[in-house]
Amino acid sequence: MERLLTELRSQSSELERLHAIYGELETRNGLLHNEVLRLKRAQRTNVQDLARVAAVLLQISRAKGIALDPVTLDILRRRGWLPSRSRKGVRP
């Protein structure tokens, strides 16, 4: 009987320890979740800002008749900020 009581106390202590760890992990998880949300908002804002800058860059390029370099055009196409080439040789 004494052995069972000792084992029960040991398991109780272990459960308390695990419960404390679980609480810490839950807190960390909440903090990480909030950080992910913050980073997603920042990323969304950055993409919107870059899209606006790209639009102005294209507008200036077209108004001045200056072709953008191929790397920039490729970036704009990959981001979906520029229509893909539908006709050969046509440049924005």
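Reader: How much surface does the chain expose, and what share of it do carbon and sulfur atoms supply?

Author: About 8100 Å² is exposed, and carbon and sulfur atoms supply 58% of that. Areas like this come from the Shrake-Rupley method with a 1.4 Å probe, and for residues only the protein chains shown count as cover. Keep in mind that this is a predicted model, where local features need pLDDT of at least 70, side-chain atom pairs count only at pLDDT 80 or more, and totals for chains, interfaces and linings use all residues. Residues are numbered from 1 along each chain as its sequence is written, and side-chain values use heavy atoms, with hydrogens and water left out.

Reader: Why is Ser61 called buried?

Author: Buried means under 20% relative accessible area, exposed means over 50%, and partly exposed is in between (1.4 Å probe, protein chains only). Ser61 has 6% relative accessibility, so it counts as buried. Across the chain, buried residues make up 9% of the 92 residues.

Reader: And what makes Val47 and Ala67 partly exposed?

Author: Val47 has a relative accessible area of 39%, so it is partly exposed. Ala67 comes in at 48%, so it counts as partly exposed too.

Reader: Where do these residues sit?

Author: Ser61 is in helix H1, residues 2-64, and Val47 belongs to helix H1 as well. Ala67 lies in the loop between H1 and helix H2 (70-78). The chain has two helices and zero strands; these are DSSP runs numbered from the N terminus (helices: H or I, at least four residues; strands: E, at least two).

Reader: What makes the link between Ser61 and Ile66 a polar contact?

Author: A polar contact is a pair of N or O atoms within 3.5 Å; within protein, one must be able to donate a hydrogen and the other to accept it, and residues adjacent in sequence count only if both atoms are side-chain atoms. The Ser61 side chain reaches the backbone oxygen of Ile66 at 2.3 Å.

Reader: How far apart in space are Val47 and Arg79?

Author: C-alpha to C-alpha, Val47 and Arg79 are 9.3 Å apart, with their positions 32 residues apart in sequence.
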